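Could you take me round this structure, one selection at a time? I have the viewer open and would like to know where to click next.

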Amino acid sequence: MTNFLDLAGLGREEIADLLALAAHLERSPEPKALSGKILALLFFNPSLRTLASFQAGMARLGGSSFVISPGQGTWILETRDGVVMDGAAAEHVREAIPVLASYADALGIRSFAGGTDLAADLSDSTFLTMADVCPVPLINLESAINHPCQALGDWKTMDDLKIPAQGGRFVLSWAWHPKPLPLAVPAAAVHMAALRGMDVTVLRPEGFELPEPVMARARQAAEVSGGSVRETADRREALEGAHVIYAKSWTAPVHYGNPEAEAAFRAGLRDWCVSDDWFATTAPDCRFMHCLPVRRNVVVKDSVLDGPRSVVVHEAGNRMWVQMAVLYRLLRG
Amino acid sequence: MTNFLDLAGLGREEIADLLALAAHLERSPEPKALSGKILALLFFNPSLRTLASFQAGMARLGGSSFVISPGQGTWILETRDGVVMDGAAAEHVREAIPVLASYADALGIRSFAGGTDLAADLSDSTFLTMADVCPVPLINLESAINHPCQALGDWKTMDDLKIPAQGGRFVLSWAWHPKPLPLAVPAAAVHMAALRGMDVTVLRPEGFELPEPVMARARQAAEVSGGSVRETADRREALEGAHVIYAKSWTAPVHYGNPEAEAAFRAGLRDWCVSDDWFATTAPDCRFMHCLPVRRNVVVKDSVLDGPRSVVVHEAGNRMWVQMAVLYRLLRG
Amino acid sequence: MTNFLDLAGLGREEIADLLALAAHLERSPEPKALSGKILALLFFNPSLRTLASFQAGMARLGGSSFVISPGQGTWILETRDGVVMDGAAAEHVREAIPVLASYADALGIRSFAGGTDLAADLSDSTFLTMADVCPVPLINLESAINHPCQALGDWKTMDDLKIPAQGGRFVLSWAWHPKPLPLAVPAAAVHMAALRGMDVTVLRPEGFELPEPVMARARQAAEVSGGSVRETADRREALEGAHVIYAKSWTAPVHYGNPEAEAAFRAGLRDWCVSDDWFATTAPDCRFMHCLPVRRNVVVKDSVLDGPRSVVVHEAGNRMWVQMAVLYRLLRG
């Protein structure tokens, strides 16, 4: 493994190996494994879990890390090619990335969706531009359309909880949110669950269909693994027998890049907030998952989040263990 | 010791042990003591000394630390219970604290007073909400009404300088400041000096009386230790024979949460700035103490701060040694 | 060596020793050399390379570092003496510097030019005020008029590339930029190249003459080393036979502290952007250097920066190796 950009770029054996290594590192510390190694973390967008879990994970393996946040103690970085840089950005990623890479053994980059051009975001063009000029192992800390660290942590969480892979019913449900959010987590989650062999249902209001390239990737994963992928606006049908309700808000693709129209379109959907009655017809031990941060009583009710179905802290905790496995494989092989 | 939230929660023997350990660590480095341990630092408010001394102290013991500052590279965190989170805060501390704790062996939190509701701030309700959901050893990095790291560092400083405990005269003096400041440091300082067995005088203009619960806590400590606590607006009376003038500004409790009225009330008090003539009737070697940051020629004159009475840098330096002792006891026992 | 403030403060043998040590550390890691040592980094201005390369370099030598950025998670610091601090600044460097130093084994400070008073900036008064109160080894991370870490990294880069010292032709060329930039890098670059023994040409439009104290320092270095220093506005004459074009924008000294007049004065000079045709009469293997960050198609064309003449990433990479040598000598002798 020379990069960690997308679960789809790994074989199922590689994923199984990472999950096994993560479980091993959780049980058996290896405090010298990455002694002398340095991880550079470049955040174009805010972070709590990702920053903390990578810094802590690197330290637990004996390595070090540093953080650069353009616009916060560092100038703004340009990502577009060929522009005359006489505006806000003082430096181009074509310099910044190789320079940061020259100080480190691996680099992680977070760069959210631009949110204006759906095709550009679906192609992950900004992130891939940066990947192109990175001479050291690169880790995707969430890009416009992917979040493989989250996906791998979620996979481990379902394994830890013995949620069935083959035959397991995974419902990704849209939820209301005051802002139009990126597609990265829903895209990563459906793909991951499908690749795990689960029967995946995308539950969302009309107009919130995930873009076809996202669904096609998930279907392709399901074909390989023996899972399935469908989508519906019918909550009752979707939730029946579910083993997991994975809640996440995302912007309405039909109004991508048009925030006023999107807000109006979303306005009447505040009842898309996961509550206890959503679990009436699920499997008895159905779990509630979310990548965090989550807005209480907006995306999900307090009673669900504070109840025994919620595994959101467990999910977040697993971010560290799977990322330690990724760092281990990238930096030690 | 399983937490470090309040000096009042420790026995006098525990405090003596921490001070002895701090002095030991200052003389005899133990660069492997916390090898492999990780400290999470969560700052809801600015910091210079606390951040630097905890990061340096953890490193000097062989451990690592990471810093999260909500609103600076991380979203704003909600602390109130039961709210519909459709405003600025994207995540609740009920998730954020356990998640950060899952990456670390101990957690430090700084969360200043809200400054609007005196009863809420006196009860330290926001900090205690976070303490309730923290599953690892927790350190108070300054809360609405407490600052035990500062108090312990100040105690060590007085021990270092052989300032008498029994019979030592400790004057906490209010000082003018352009902003209404929290009560945390004055509350912690009077309690600490009383617990050390000193004769404590709170010197402040009329209307700046420390709230009764703060004074009651200090009196209770004095009863145990053989010290005493009084307050006065008479500078001459207060300063006579003093061994320490500890300056600090704080908001007028009578106008708590009403900044305009408070500013008007405070307006005529710019002569509450410690100058050389304050030391005319003190003990000859009376020291000037302040927790820092301090505004020169506002809270205290240059001549005092640059003269031999000032021990403010010594106090700040002691923050690191006492905090190393706290970390050592929390993480190694 | 007890500080690293200015290349002019070192003997040529000390510089040769640092360059040799940097090359050694690049080839042969010494991951325990600074074990237990702590570096404090205080940034009054943004940084990417300096922050990252010092944190990474310290970690590669087994040490630790922490970062304080006044105004970002820390209050604003006052640097002027004798002022009544009732404005934005909550703390004076007379306290902050000794306090940070008490937590660390060495301190680095970045403090850019004020940009209003040329004489004050040329005398580096703010930085030297801070140096005066620093009780531990101090490193200049870029001050009003100096950037010795950059200069030393550039020197190593020219050595690595076997660019001639005696007889080597070094052209520092002014370039257009949307903002008036400080004089620190051009001042450090001409001095360094002169001290290396090169024939230095400062190429700049009329009105952008480097201030006489800057030129005098460079001439003095040239006298010692056998180099030479001249300046011209004639691009054709300047570039003939050049081994290095080192581009950098700087404010017009004639309009120092008057941004509107300076912007008007600079307005017509957008053709001062290094392009391929600048290399028509240079030495065949003439290199393009820049300290970064660089604005593409403003200071230099994409074709130059993406072509084989550009060594800007190599320069930036060398920052880490030379700084590791500086840290090594300061902290281990």
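Here is a short tour that goes from one chain, to its domains, to the way the copies meet, and ends at a sheet. Keep in mind throughout that this is a predicted model.

**Stop 1: chain A as a whole**

Select chain A and show it as a cartoon. You should find twelve helices and eleven strands in chain A. Turn the C-alpha trace of chain A along its principal axes, and it spans about 55 × 50 × 35 Å. The radius of gyration of chain A is 20 Å, which agrees with the value near 20 Å that a compact globule of 333 residues would have.

**Stop 2: two domains**

Now colour chain A in two parts. Domain 1 takes in 7-146 + 316-332, and domain 2 is 162-310. If you place a pseudo-atom at the C-alpha centre of each domain of chain A, the two markers lie 26 Å apart. Next, select the contact between these domains: domain 1 of chain A gives 17 residues to it and domain 2 of chain A gives 18 residues. What kinds of residue does domain 1 of chain A turn towards domain 2 of chain A? On that side there are ten nonpolar, four polar and three charged residues.

**Stop 3: the rotation axis**

Bring chains A, B and C into view together. A turn of 120 degrees, with a shift of 0.0 Å along the axis, lays chain A on chain C with an RMSD of 0.0 Å. Gln72(A) is the residue of chain A that comes closest to the rotation axis, its C-alpha being at 4.5 Å.

Try chain B next. Chain B superposes on chain C by a rotation of 120 degrees and 0.0 Å of shift along the axis, again with an RMSD of 0.0 Å. This is the relation of a three-fold axis. Pick Gln72(B) here, as its C-alpha is the one in chain B nearest the axis, at 4.5 Å.

**Stop 4: where chain A meets chain C**

Hide chain B and look at the contact between the other two. Here 26 residues of chain A are in contact with 29 residues of chain C. To see what chain A brings, highlight β1 (38-43), β2 (64-68), β4 (91-92) and α3 (93-103) of chain A, the elements that give two or more residues to this side. Which of them gives the largest share? That is α3(A), with seven residues. Coloured by residue type, the side of chain A that touches chain C shows 15 nonpolar, eight polar and three charged residues.

Do the copies use one and the same patch, or different ones? Only 4% of the interface residues of chain A are also interface residues in chain C, so these copies meet through different surfaces.

**Stop 5: a sheet in chain C**

For the last stop, keep chain C alone. Look for an open sheet of four strands in the order β2-β1-β5-β6 (chain C), paired in parallel. Its edges are β2 (64-68) and β6 (138-140) of chain C, each of which pairs on one side only. From one strand to the next, the twist averages 20 degrees.

Zoom in on β1 (residues 38-43) of chain C, which runs parallel to β2(C) and is joined to it by five bridges. To look at one bridge, select Leu39(C) together with Ser65(C), its bridge partner in β2(C).

Key. Residues are numbered from 1 along each chain as its sequence is written. Chains are lettered from A and ligands numbered from 1 in the order in which they are written. This is a predicted model: local features need pLDDT of at least 70, side-chain atom pairs count only at pLDDT 80 or more; totals for chains, interfaces and linings use all residues. Domain bounds come from an automatic or database domain assignment. Two residues are in contact if their C-beta atoms, placed from the backbone, lie within 7 Å. Ala, Val, Leu, Ile, Met, Phe, Trp, Tyr, Cys and Pro count as nonpolar, Asp, Glu, Lys and Arg as charged, and the others, Gly among them, as polar. Copies are superposed by least squares on the C-alpha atoms of residues with pLDDT of at least 70 in both. Two strands pair if DSSP finds at least two bridges between them. Axes are lines fitted to C-alpha atoms, for helices over the stretch in contact, and angles run from 0 to 180 degrees between N-to-C directions. The radius of gyration is taken over C-alpha atoms; the globule rule is 2.2 Å times the number of residues to the power 0.38.
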